[in-house]
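Subject: A structure for you to explore

Hi there,

Here is the structure I promised to pass on to you. Have it open while you read, and I will walk you through what turned up in it.

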Amino acid sequence: MFRKLMIRYRDWRSRKWRERIWNPPRHEVVETNEAVYIDNKRITSPTADDGTTFVIDYQGTQKSYPKFEVDFAKQNESDGALSDNADCGYVVFMNEDQNIIQVGDPDELNGEDYEASQTLVNQVFDEWNTSTAQIWHVNAGANTDPDTHRITGSLQEVTYGGYGAVAPSGYGSGDAWHGPTITRYIPADETGHQGAKNWRASWKQMMAISSGSGGSAEKGVFQCLLNNVDGDVITTVAAVAVWKDAAGSKATIRCYVKGQQSVDISIDLSYYNRFFGWTDTHEGSTRPVPTRTSCMQKKGSTVTFEIAGLKRSFTSPDIADMEVHQMTFYFGRYASTTPLSTNGVIWAKFIKDNCDTYADIPNKFSANDELLVDCESAKIYLNDIETPELGALGNDWDQFYLKPGYNQIGVAWSDWTQSVPEFKMKYREVFL
């Protein structure tokens, strides 16, 4: 029977006892061979202390490690000018036993002061219309091999399993690789300067062959390029290309620094591939949800690539002072072969950093960021990319769990953040 309860609990800040009405929610009990638990119970937001404390009536008999989701305010530059309202340096979770999980800038709490980064591009491609095309120029920019890769074709709005995306509607014609591009000229920062020496560029894409028998014959390429522009001369500072140029389901990720190929990584590009593919929604599926998110970041002379969970870093003294002025996406097919059935970009973001090291960036989070903190695995994910450097040394992972009875978990964030992040928590009630 479900009924309202009067809960008496101790406030984690003042250490005083308080009372409140608690109305336990209904949940379906799921049985497995190992345990009986209530699966993925969700607290949509902290309910006590003006929205800064989770109060959980944990009815399991064994400890349970929670997962925290933090969503920062949404923005889309097609809807108007970007702002720094969602910028945030850190978030902290604290339980009644004074165990702490801190994520973000470890120096902010110590009063260190560094110049903030600035988000200059933040585009959600949920529709391809006139306003979007005015800032993302079609068939401009460059690709990794302009001598043999023709830029031609057109683009359209598509939907990939609930995601809006921009993808080719036509590839034009050519005897080798050919297809359209979209290019964003990086806006000037708040000082009026255009160009960034240190930066982070991230994007979410979907890329896969079809699930039918003809999928293995499909060929295609996706490229993301960060370019320096000096008059009529375009130089690629860093780029990623994902190629499928042969029969089968295999593709190759290629990373470039200053136009020079640095590494080849072989990946699977089948319909449900774990990198950029579709989510398998069939009942009982054990396939993981694809990562889809990638990031390139330049700090001084080093470029770090994090491509759908694969990480590589390369250093080139020649790029230490080279600025980026363009962000380009290229979609291609080969000659008259069948193009990839899925090849599009969902969102893109470019952040200018004003320091040479990631640790010194004060506003680690900005608009549209999605943070996942998994206490059981002691892992942190930012926009689906595992980001261990966000975790503070000494986080109490082993001791951060729910115990039978009432639990309180407090949350805090940078006091200068203008848009309050949205916090959620998931956990399972575990019984022996």
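Arg 287 has a relative accessible area of 45%, so it counts as partly exposed. Please keep in mind from the start that this is a predicted model. The side chain of Arg 287 meets that of Asp 280 in a salt bridge, with 2.3 Å from N to O. Its partner sits in another setting: Asp 280 is buried, because its relative accessible area is 12% and buried means under 20%. There is also a network, in which salt bridges with shared partners join Arg 200, Lys 299 and Asp 353.

How many salt bridges does the structure hold? The count is 14. Two more of them are worth finding on your screen.

One is between the side chains of Lys 426 and Glu 69, at 3.4 Å from N to O. This pair links distant parts of the chain: Lys 426 belongs to strand β30 (residues 422-431) and Glu 69 to strand β6, with their positions 357 residues apart in the sequence. Lys 426 has a relative accessible area of 22%, so it is partly exposed.

The other joins the side chains of Arg 184 and Glu 77, at 2.7 Å from N to O. Here, too, distant parts of the chain are linked, as Arg 184 is in strand β15 (residues 181-185) and Glu 77 is in the loop between β6 and β7 (90-95), 107 residues apart. Are these two residues buried or exposed? Arg 184 counts as buried because its relative accessibility is 11%, and Glu 77 counts as buried because its value is 9%.

Now for the aromatic rings. Searching the whole structure gives 21 aromatic pairs. In one of them, Tyr 65 and Tyr 401 are arranged edge-to-face, with 5.6 Å from centre to centre and 70° between the planes. Tyr 65 is in the loop between β5 (53-58) and β6 (67-71), while Tyr 401 is in the loop between β28 (385-386) and β29 (405-413), so this pair ties together parts that are 336 residues apart in sequence. Tyr 65 is partly exposed, with a relative accessible area of 23%, and Tyr 401 is partly exposed at 22%.

Another pair, Trp 199 with Phe 350, is stacked: the centres are 6.0 Å apart and the planes are at 25°. Because Trp 199 lies in strand β16 (residues 198-208) and Phe 350 in strand β25 (residues 342-353), the pair ties together parts that are 151 residues apart in sequence. Both Trp 199 and Phe 350 are buried. You can also look for an aromatic cluster made of Phe 54, Phe 68, Phe 93, Phe 400, Trp 413 and Phe 423.

Next, have a look at the surface. Which residues form a negative patch there? They are Asp 79, Asp 126, Glu 127 and Glu 157. You will find Asp 126 in the loop between β9 (118-124) and α1 (130-135). Its relative accessibility is 40%, so Asp 126 counts as partly exposed.

Two residues have a backbone angle that may catch your eye. As background, most residues other than glycine have a negative phi. Asp 50 is not a glycine, yet its phi is positive, at about 60°. Asp 50 is in the loop between β4 (36-43) and β5, and its relative accessible area is 82%, so Asp 50 is exposed. Gln 98 is also not a glycine and has a positive phi, near 65°. Gln 98 is in the loop between β7 and β8 (100-104) and counts as exposed because its relative accessibility is 64%.

Last, a residue in a strand. Ala 167 is part of strand β13 (residues 163-170), and it counts as buried because its relative accessibility is 3%. Between the C-alpha atoms of Ala 167 and Ile 182 there are 10.0 Å, and the two residues are 15 residues apart along the chain.

Have fun exploring, and write back with any questions!

Best wishes

Technical notes. Residues are numbered from 1 along each chain as its sequence is written. This is a predicted model: local features need pLDDT of at least 70, side-chain atom pairs count only at pLDDT 80 or more; totals for chains, interfaces and linings use all residues. Side-chain values use heavy atoms; hydrogens and water are left out. Patches are made of residues with over 30% relative accessible area and no salt bridge: like charges are joined within 9 Å, nonpolar side chains (Val, Leu, Ile, Met, Phe, Trp, Tyr) within 5 Å. Accessible areas come from the Shrake-Rupley method with a 1.4 Å probe; for residues, only the protein chains shown count as cover. A salt bridge is a side-chain nitrogen of Lys or Arg within 4 Å of a carboxyl oxygen of Asp or Glu. Lys and Arg count as positive and Asp and Glu as negative; His and the chain ends are not counted. The place of a charge is taken as NZ of Lys, CZ of Arg, CG of Asp or CD of Glu. Helices (H or I, at least four residues) and strands (E, at least two) are DSSP runs, numbered from the N terminus. Buried means under 20% relative accessible area, exposed over 50%, partly exposed in between (1.4 Å probe, protein chains only). Rings of Phe, Tyr and Trp (its six-membered ring) pair if their centres lie within 6.5 Å; planes under 30 degrees apart count as stacked, over 60 as edge-to-face and the rest as tilted.
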